[in-house]
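Trainee: I'm new to this one. Could you take me through a close look at the aromatic rings and what sits around them?

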Amino acid sequence: MESYEILWKTTLPELEKSVSSIMFETYVKMLTPVDVLGNKLILRTPSKIFAETVTTRMSDKIRDALKRSNAEVSDFTVVVADSREEYLTQFEAETRENIENQGAPVNPMFTFDSFVVGPSNELIFAAAKAVAENPGDSYNPLFIHGGTGLGKTHILMAIANYLKIKKPQLNVMYATCEQFTNQLIESIGRGHGAPADFRRRYRNVDVLLIDDVQFLAKKQGVQTEFFHTFNELVLQNKQIVLTSDRPPKEIEVLEERLKTRFEGGLLADVQPPDLETRIAILRRKSQEKKCLVSMEVLTYIAEMSDGDIRTLIGKLNKVIFASKLHEKPITVNLVNEALKESAGEKQEELQVDDIINCVCDFYKVNKADVLGKKKNKEFVEPRQICIYLITDMMNLPLVTIGQKMGGRDHATVIYTRDKVAEQIQTDAKLATEINDIKKKLLKQ
């Protein structure tokens, strides 16, 4: 028996528990495992109707069953093919289409409801909500600018998540400027119809959300392509929302025609949060972590922090971790101890490579594989834990973390960080492993 047949055989009992007997008899039993490619189990079915039904109605249940059966793969695809050559061609076309059509991952936790509103950001919140409710009708483009860690990415993803639920018929694309640039360069390198496919992908959307457009600076060819994409969408009355760490006029070597377009809608400047907003953010985050923190402690952490929300939350995370590690209640004294421990000599000596090496040693995996592109579960999980620990234990820009982790973009870093943070709330084994790694790092 082939490995993929064994894999499917062990998955079936788990799947049978989660689907109705009719679905199992009618559809599941018509699926035949034929191969494993990358991190996907390839399942063959007799007709396109069967394939579409399985994909639209059972995807999550099949993935969950694969996970519960401790399968070595975490995903699947359904093909309608008679020969290996035929389904390989179908799989490759599907993979290429998914890669090309998919923007950066959108964190489902970043919603309007989870965004803490204060005087510093109420304008961008109101503008973003208006854009989400009536794309193309209000501010086009909406250009949000401000320093790092102030919630710009959160608000972009909140728009995407709102539209996914309220207006699922719309084609929404969220991407980083870095991703736009890389895909453009790749399409030019591939030649033939690839550049046309790239343009079609970005111009056939209803809402385009681009993060960090300051990376257009000094890239003349990319600016030209972005200018034409921008014009095409505006002419079609399609909504554009952009974020940057600075206003258009301060982006170096940015074409005047782009500056004019960017300033033609609404410029929204997000400022660092005031004390009351910082306290509200800390209260919300402590509640999300199901951790009781007194107003005295929340105020103390807020007063000792600057306006960077990411750094603010990072300090709260360190205090909560120290409370669990030392089994002490969260007090002002513990805050001082925890932040001194993380910001003192040991923290200053801690490097990104220390974290990566410690994780690789803990899981007995090769560093090159963790930093590479392999999708095997044995490498993906340590890779995600590395990203989580670096964001949690070090105050580094997300772009820098992405570069250190094999050249990944900052949106991927955000998604991974939040995914692991969510997982450790319910996965006791994972939480213990991460705590053990932290202990080793703090003792170095």
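Mentor: Let's go ring by ring, and then turn to the cores. Keep in mind that this is a predicted model.

Searching the whole structure turns up twelve aromatic pairs. Start with Phe112 and Tyr162: their ring centres are 5.8 Å apart and their planes meet at 70 degrees, and since anything over 60 counts as edge-to-face, that's what this pair is. Now look at where the two partners come from. Phe112 is in the loop between α4 (84–101) and α5 (122–133), while Tyr162 belongs to helix α6 (residues 152–166), so the pair ties together parts that are 50 residues apart in sequence.

Stay with Phe112 for a moment. Phe112 has a relative accessible area of 7%, and because buried means under 20%, it counts as buried. Its ring has a charged visitor too: the charged end of Lys129 sits over it, 5.6 Å from the centre. You can find a similar arrangement if you look up Phe321, where Lys438 lies over the face of the ring, 4.1 Å from the ring centre.

Phe112 also turns up in the largest nonpolar core, which has 61 residues. Along with Leu142, Ile355 and Leu389, Phe112 is among those with the most contacts inside that core. Pick out Leu142 and see what it touches: leaving aside residues up to four places away in sequence, its contacts include Ala127, Ala128, Val131, Ile240, Leu242 and Leu266, and also Gln239. As a general point, nonpolar side chains in soluble globular proteins tend to be buried together.

Now for another pair, Phe198 and Tyr202. Here the ring centres are 5.1 Å apart with the planes at 45 degrees, so this pair is tilted. Both residues lie in helix α8 (residues 194–203), and they are four residues apart, about one turn of the helix. Each is buried: Phe198 has a relative accessible area of 0%, and Tyr202 has 0% as well.

Those two rings have company. Phe198 and Tyr202 form one aromatic cluster with Phe143, Phe180, Phe226, Phe230 and Phe262. Two members of that cluster, Phe198 and Phe230, come up again in a second, separate core of 25 residues, which also includes Leu184 and Phe227.

So, to retrace the route: Phe112 pairs edge-to-face with Tyr162 and has many of the contacts in the largest nonpolar core, while Phe198 makes a tilted pair with Tyr202 and is part of the second, separate core.

Methods: Residues are numbered from 1 along each chain as its sequence is written. This is a predicted model: local features need pLDDT of at least 70, side-chain atom pairs count only at pLDDT 80 or more; totals for chains, interfaces and linings use all residues. Side-chain values use heavy atoms; hydrogens and water are left out. Rings of Phe, Tyr and Trp (its six-membered ring) pair if their centres lie within 6.5 Å; planes under 30 degrees apart count as stacked, over 60 as edge-to-face and the rest as tilted. Helices (H or I, at least four residues) and strands (E, at least two) are DSSP runs, numbered from the N terminus. Buried means under 20% relative accessible area, exposed over 50%, partly exposed in between (1.4 Å probe, protein chains only). A charge sits over a ring if NZ of Lys or CZ of Arg is within 6 Å of the ring centre and within 35 degrees of the ring normal. A nonpolar core is a set of buried Ala, Val, Leu, Ile, Met, Phe, Trp, Tyr and Cys residues joined through side-chain atoms within 4.5 Å. Contact means heavy atoms within 4.5 Å.
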